[in-house]
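User: Please explain how the descriptive terms for this structure are justified.

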Amino acid sequence: MEQLKRMAVLAAVVEHRSMSAAARALGTTTSAVSQQVRQLERDMGVTLLHRSTRRLQLTEAGERFHAGCAAMVAAARSAEQQLAQLRDAPLGELRVASPVGFARHLGPALAPLLAGNAGLSLHLQVDDALIDLAEARIDLAIRFGRLPDSSWVAQRLAELDLAVCAAPAYLAQRGVPANPQDLAGHEWLRVDQRHPMPPLELLGPHGAAERVRPRARATSNNQLSLQQLCEAGLGLAVLALQDIEASLQSGALVTLLPDWRPAPLPMYAVTPQRGTQPAKVRHAIAALQTYLLGLRGGRVLRPVGGA
């Protein structure tokens, strides 16, 4: 590393045409610059500069060696500029991981960002399994609910409202539950994440809470599959309002017990580092927040804070 520093000093001497001018540019003393150049000559075993009271001139060996030194400095400056661009403007490939159920929102959420930044490309990694984010080189992962321990940083983006839902055909056959206690006698479609499954907790008026232990007729690790099973009339399901707006409008689903709702589902942006994020990640998070503001049943948390 010291040799590379001396090569940069030589390039500065030639660029500024004197050791004193190079010293000013480098923020050091003329004697320090002179010592660095002499040490470089000793290390290389050749004279690189002819020195006189009037000027400095490269020797033949010095000219050839300086070309490499100048190229090294130019490459370092270019790398620094590229890094500054990545920090200040959304450039390069943005790699985003998301559960299958939320993936349908990523296109409309990130499309304006891509349209406005020609230097930005996108890779979506859609999987309900908790993939190795580092191995997949993920810049930003969308995660919901309780997060596993990780060295990655979770920023809470939003809270999504949940509701107990059913298809009209199911309710016509099994009846409409009038209170939380009625839910235990119904067929359920539930997310299969923990064994045994935890009870369903519902929050009601004036801080009231009820716990129900429903029997699951079908389980899945995929919310979209549960929604489809629910629309098919196979049972009740807890679904996010932002996912089922079209189904509610078409009448394929209805919500039950409007005064009783599960606790909101937290949504996180998970990133590999603390502190200043690359511009592409910062802009992607902002684009997601803007999109979520327009969805039914979601509260975007601004500013983004630590989880």
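Analyst: The exchange below sets computed values against the definitions behind the terms.

Analyst: This is a predicted model, in which local features need pLDDT of at least 70, side-chain atom pairs count only at pLDDT 80 or more, and totals for chains, interfaces and linings use all residues. Residues are numbered from 1 along each chain as its sequence is written, and side-chain values use heavy atoms, with hydrogens and water left out.

User: Why is Glu187 called buried or exposed?

Analyst: Buried means under 20% relative accessible area, exposed means over 50%, and partly exposed lies in between (1.4 Å probe, protein chains only). Glu187 has a relative accessible area of 13%, so it is buried. Glu187 is placed in strand 8 (residues 187–191); helices (H or I, at least four residues) and strands (E, at least two) are DSSP runs, numbered from the N terminus.

User: What makes the pair Glu187 and Arg215 a polar contact?

Analyst: A polar contact is a pair of N or O atoms within 3.5 Å; within protein, one must be able to donate a hydrogen and the other to accept it, and residues adjacent in sequence count only if both atoms are side-chain atoms. The side chains of Glu187 and Arg215 are joined at 2.7 Å. Contact in the general sense means heavy atoms within 4.5 Å. Not counting residues up to four places away in sequence, Glu187 touches several residues, including Tyr170, Arg174 and Leu236.

User: How is Arg104 classified, and which residues does Arg104 contact?

Analyst: With 39% relative accessibility, Arg104 counts as partly exposed. Arg104 lies in helix 5 (residues 100–115). Leaving aside neighbours within four places in sequence, Arg104 is in contact with Leu224, Gln227 and Asp243. Its side chain makes a polar contact of 3.2 Å with the side chain of Gln227.

User: Why does Arg17 receive its accessibility label, and what is said of its phi?

Analyst: Arg17 counts as exposed because its relative accessibility is 74%. Arg17 is found in the loop between helix 1 (2–16) and helix 2 (19–26), and has a positive phi of about 70° although it is not a glycine. Arg17 and Arg104 are 87 residues apart in sequence and 60 Å apart in space, C-alpha to C-alpha.

User: What label does Leu257 receive?

Analyst: Leu257 is buried, because its relative accessible area is 9%. Leu257 sits in the loop between strand 13 (254–255) and strand 14 (261–262). Leu257 is not a glycine, yet its phi is positive, at about 45°.

User: Why is strand 15 described as largely enclosed?

Analyst: Six of the seven residues of strand 15 (residues 265–271) are buried, so the rest of the structure largely encloses this strand.

User: How do you know which strands pair with strand 15?

Analyst: Two strands pair if DSSP finds at least two bridges between them. Strand 5 (residues 140–144) is joined to strand 15 by four bridges, running antiparallel, and the bridge partner of Ala141 in strand 15 is Val270. Strand 6 (residues 153–160) is joined to strand 15 by seven bridges, also antiparallel; here Ala158 stands opposite Met267.

User: Which residues form the nonpolar patch, and which strand gives the most to it?

Analyst: Val100, Leu122, Leu124 and Val126 form this surface patch, with about 250 Å² of accessible area together. Strand 4 (residues 120–126) gives the most, with three residues. Patches are made of residues with over 30% relative accessible area and no salt bridge (a side-chain nitrogen of Lys or Arg within 4 Å of a carboxyl oxygen of Asp or Glu); like charges are joined within 9 Å, and nonpolar side chains (Val, Leu, Ile, Met, Phe, Trp, Tyr) within 5 Å. Accessible areas come from the Shrake-Rupley method with a 1.4 Å probe, and for residues only the protein chains shown count as cover. Val126, in strand 4, counts as partly exposed because its relative accessibility is 38%.
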